[in-house]
Amino acid sequence: MSYPSYTGPELCARSASDIVQLLKRREIAPADLIDAAAERHAQTDPAINAMPTACFDRARDAAKTMTTPEEDDPRELHGLPLGIKDLTPVAGVRCTYGTPGLADYIPDASDPLVRRIEARGGLVIGKTNTPEFGAGANTFNAVLGTTRNPWDTRLNPAGSSGGAAAQLIAGQAWLSHGSDHGGSLRTPAAYCGVVGLRTSPGLVGGGPDDAGFIIEGLQGPMARNVRDCALFLDAMAGFDPVHPISFPADTSGPYQAAVDRAEGRLRIAWSADLGGQCPVDTDMEEHLEGVMALLARDGHAVETPPIEMPQMKRTYYTLRGILWASLMRDIDPAIRAGFKPTLEDNVRRGMALTMDDIVDAQKARTKIYHELRQLLEHHDVLACPVVGNMPKPVEVEWVSEAGGQKFDFYMDWLAHAFPATVAGLPAMSIPVGLTSGGLPVGLQLIGRPRGEAALLAAAALVEVSVGGPLRVIDPVVRHEG
């Protein structure tokens, strides 16, 4: 199998870390990058629809007023263009949330996370596509259409940060913002061959104002390699009293430095199906078993400790229901009237929860947290699939079967993503090679509580072992039949 070609601007193929160094040395200007990104967007977006709302002129205006930082700050992006998911407001830019009732909404103010990213030198060049209100792991909506996987445009890029992941591997942006509840940035990262980090609750702010104390839906960085992911996390992280659960970034130094210092051998806890709760297709399991064998040959210890996590799925769905009830109970009925069936089902399930459901979930999540915490006292990471199957055609909204097991609910196929969400642990997807058919595969690494620095360092070691990261590509345009 030949690797897909790349015919875009040379700048767009460079890593974010390299580009930031060029910006710092003033060997290039932000305007050069905006022009390159606009050219690449024009080349690729007709095929993949990753960033349907662009704002290059807004970025150009922002670049003209940028000031040079007074000191060398590793959190600074120095005028690097990036994408923001279309669930997060950017002042003056259309924000549809993928729902018909907000198709023409233009916010006056940016989300605090966007303000932080811009204050640290990020230039927003557009809004990336997402399912309606981020509900679902196939990126399509009635307002902005369907996003396609750049490795094969017949396939979906997953969701809900599907536009973000697709734009990265296609070279439209050097970094892209995502968010995650049930794998919403991890699954697209896996399907598109990029890196996505679900952060610890409170490390990165952002999100709906009326869900400030809900810790399951979080914001996080997406990038093409582990170091670039750490760079974006440095720009995103930090205490902000606007967010009720906010806490400071790691005081031991920049996350980029943790990646640069990565060395030694890992002790990896590996599970393909997480104690039988998460079915996985044979091709996915065999590929990842091969990755574990490769890591073992490189001297890393790969072990398969028992994992139970009782009531994991039921607990996740209860927590998910609390989120949707909190977000949607008081929404304008005219907006809710246009919801797709799966989104409306989420809301109804949340509104139907009983106090017993909620109490049971809180007790179960505590047990799951302690089981994973104790496991990670003896291992550097828990490794498992990001998702149990390879990408499906864009027309398939949700996967109905994996590993020979049929699913009852439209989220069941994403169960590998649930433990980190339930336990509040950092987790990330990193690409670990291509299948014989030329599609990327992601490996999920779950880290210790508030252990982003160590998790990123572990991911960097895995990235080296598998020969990553993947290079940017031209979309592979294929048609049915």
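**Note on helix 4 and the open sheet**

1. In helix 4 (residues 56-64; helices are DSSP runs of H or I of at least four residues, strands runs of E of at least two, numbered from the N terminus), the residues Phe56, Ala59 and Ala63 are buried, where buried means under 20% relative accessible area, exposed over 50% and partly exposed in between, with a 1.4 Å probe and protein chains only. Because they cover an arc of only 55° around the axis, they lie on the same side of helix 4, the arc being that of the directions from the helix axis to the C-beta atoms.

2. The model is predicted, so that local features need pLDDT of at least 70 and side-chain atom pairs count only at pLDDT 80 or more, while totals for chains, interfaces and linings use all residues. Residues are numbered from 1 along each chain as its sequence is written, and side-chain values use heavy atoms, without hydrogens or water.

3. On the other side of helix 4, Asp57 and Lys64 are exposed. The cover over the buried residues of helix 4 includes helix 3 (30-48), strand 1 and strand 3 (122-128), contact meaning heavy atoms within 4.5 Å.

4. An open sheet of mixed pairing is formed by 11 strands in the order 1-3-2-6-8-7-14-15-11-9-10, two strands being paired if DSSP finds at least two bridges between them. Its edge strands, each pairing on one side only, are strand 1 (53-54) and strand 10 (301-303).

5. Strand 11 (residues 381-385) pairs with strand 15 (residues 440-446) in the antiparallel sense over 4 bridges, and Leu382 has Ile446 of strand 15 as its bridge partner.
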